[in-house]
Amino acid sequence: MENEKKILVARSSLPEFEEYVEMIRPLWDSVWLTNMGENHEKLTEELVKYLQVPYVSLFTNGHLALELCIQAMGLTGEVITTPFTFVSTTQAIVRSGLTPVFADIDPKTYTIDPDRIEALITEKTSAIIPVHVYGNVCDVEKIDAIAKKHGLKVIYDAAHAFGVTYKGKGIGSFGDASMFSFHATKVFHTIEGGAVTTASKELVSDLYKRRDFGIKDEEVVDVIGPNAKMNEFQAVMGLCNLKHLQEELRKREIAVNRYRERLRNTKGLIISETQKDVSPNYAYFPLVVDENKFGHTRDEIKDLLAEHEIYARKYFYPLTNKMDCYQGRFKNADVPVAAWTADRVLTLPMSASLTVSDVDRICDLILSLNGSKS
Ligand code: T4K
């Protein structure tokens, strides 16, 4: 097993060093390094076009983008959300003084099951925060219709869904707002970074201040906010990476197609296919292992891969409602599908640097467990 190439669950893509350096060189003349600088404004404009949304507000990371969006909307009481997500989603709700109410997920897309939402609505509910988990698109039509019927706000956690479109529309144009993460591990990144997209001019101008301590002008501070601004070095990384996005997606698509080819039709291995009407971004490759049919558990696969220096991750186990910091705080959630999935999901390595032979090595190991050839 010596000299085997180490493969991690994700690997950041970087532009050529010289390309980035050339683009940050002017900062040494302007000495304008942060606080809505020139590159920040340019990236904002480019993302409005790329994401096909009316407004984009940039942040230093996706988590603060979500928190400040929740706060800017003045949400109160309870928020219906999914427990099958990265802990950030739930933390943003709780840190904003709200109570998460957990709905179960759809067994195919792993996103919130819209048919489980209405039963959870009470007089205290102010919003729904669904997650386009792995870049899979939520049932936006049903969710937006439920929200409209009950007068609720919808903020999509689109951390994984950069560039995804549904029926030809940018995914960030659904609901009242969406949050995207531009973390180093994402399809598109600004090292750390994030954005809120919305059609509301009021929301975007509130967020403009809120991410900058609530400062309206030199003498007026009229909302309460932290420092969550994206700096110029982050914005330049975004401008560079945007230029290479098509290539990034093409490489990821090749890897995803190979995984599907190799793992599709193996009993007990459940993989996702591209959803109808969706143009995907190949952000993650989740594998759900039904041990009764495959003959081995998710953890056995994870351990076998790790023996060969391949590090898959249990995104997303445990469910956020089960996390230690929330014990005893919220009502028990009735989420059997989410619980079943979290116990069996393994996110296989996925990045633009993953080659077809890397994918083959990973699949050979997985399939060697039950003697399948595929
Ligand atoms: N909502 C959802 C649904 C999210 O998934 C996330 C973030 C957020 C909200 C919040 O957005 P941000 O505030 O982060 O913008 C990673 C990411 O840090 C996190 O952004 C992401 N979701 C989550 C799913 O994955 P960890 O704790 O698993 O990261 P870590 O450090 O273990 O890195 C994973 C792998 O990535 C490493 O094994 C190698 C690779 N990597 C990592 C870093 C830091 C690189 O190649 N380069 C790097 O610089 O959370």
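This report covers the two domains of the chain, the contact between them, and several local features.

**Two domains**

The model is predicted. The domain assignment splits the chain into domain 1, residues 17-243, and domain 2, residues 245-368. Their C-alpha centres are 24 Å apart. Domain 1 brings 42 residues to the contact, and domain 2 brings 38 residues.

**The interface**

Together the two domains bury about 3200 Å². Carbon and sulfur atoms account for 61% of that area. On the side of domain 1, one trio stands out: Y110, Y134 and V187. These residues supply 22% of the area that domain 1 buries against domain 2, more than any other three residues.

Polar links also cross the interface. The rule finds 14 residue pairs in polar contact there, both residues of each pair being at pLDDT 80 or more. Four elements of domain 1 each supply at least two residues of the side that touches domain 2: α5 (87-95), β4 (99-102), β7 (165-166) and α8 (232-243). Helix α5 gives the largest share, four residues. Sorted by class, that side of domain 1 holds 22 nonpolar, 13 polar and seven charged residues.

How many salt bridges link domain 1 and domain 2? The count is one.

**Salt bridges**

The structure as a whole holds 26 salt bridges. Two of them are listed here with the distance between their closest N and O atoms.

| Salt bridge | Closest N and O atoms |
|---|---|
| R116 and D334 | 3.5 Å |
| E67 and R95 | 2.5 Å |

What does the salt bridge of E67 and R95 tie together? E67 lies in helix α4 (residues 62-72) and R95 in helix α5, so the pair ties together parts that are 28 residues apart in sequence. Helix α5 also belongs to the side of domain 1 that touches domain 2.

**A three-stranded sheet**

Strands in a sheet pair through backbone hydrogen bonds, in a parallel or an antiparallel sense. Here three strands form an open sheet, and the order is β8-β7-β14. The pairing is antiparallel. Which strands are at the edges? They are β8 (169-170) and β14 (278-279), each pairing on one side only.

β7 and β8 are joined by two bridges in the antiparallel sense. T165 has G170, in β8, as its bridge partner. The loop between β7 and β8 contains K167. The phi angle of K167 is near 50°, which is a positive value in a residue other than glycine. β7 has a further role in the layout: this strand supplies at least two residues of the side of domain 1 that touches domain 2.

**Cis peptide bonds**

Where do the cis bonds at F316 and P318 fall? F316 lies in the loop between β16 (310-311) and α12 (336-342). P318 is found in the loop between β16 and α12 as well. The bond joining Y315 and F316 is cis, with omega about 15°. The bond from Y317 to P318 is also cis, and its omega is near -5°.

**In brief**

Domain 1 and domain 2 bury about 3200 Å² between them, with 14 residue pairs in polar contact across the interface and one salt bridge. Helix α5 supplies four residues of the side of domain 1 that touches domain 2, and R95 of this helix pairs with E67 of α4.

Conventions:
Residues numbered from 1 in each chain as written. Predicted model: local features only at pLDDT ≥ 70, side-chain atom pairs only at ≥ 80, totals over all residues. Heavy atoms only, no water. Domains from an automatic or database assignment. Contact = heavy atoms within 4.5 Å. Buried area = accessible area lost by both parts, 1.4 Å probe. Salt bridge = Lys/Arg side-chain N within 4 Å of Asp/Glu carboxyl O. Polar contact = N/O pair within 3.5 Å; in protein donor to acceptor, adjacent residues only side chain to side chain. Nonpolar A, V, L, I, M, F, W, Y, C, P; charged D, E, K, R; others polar. Pairing = 2+ DSSP bridges.
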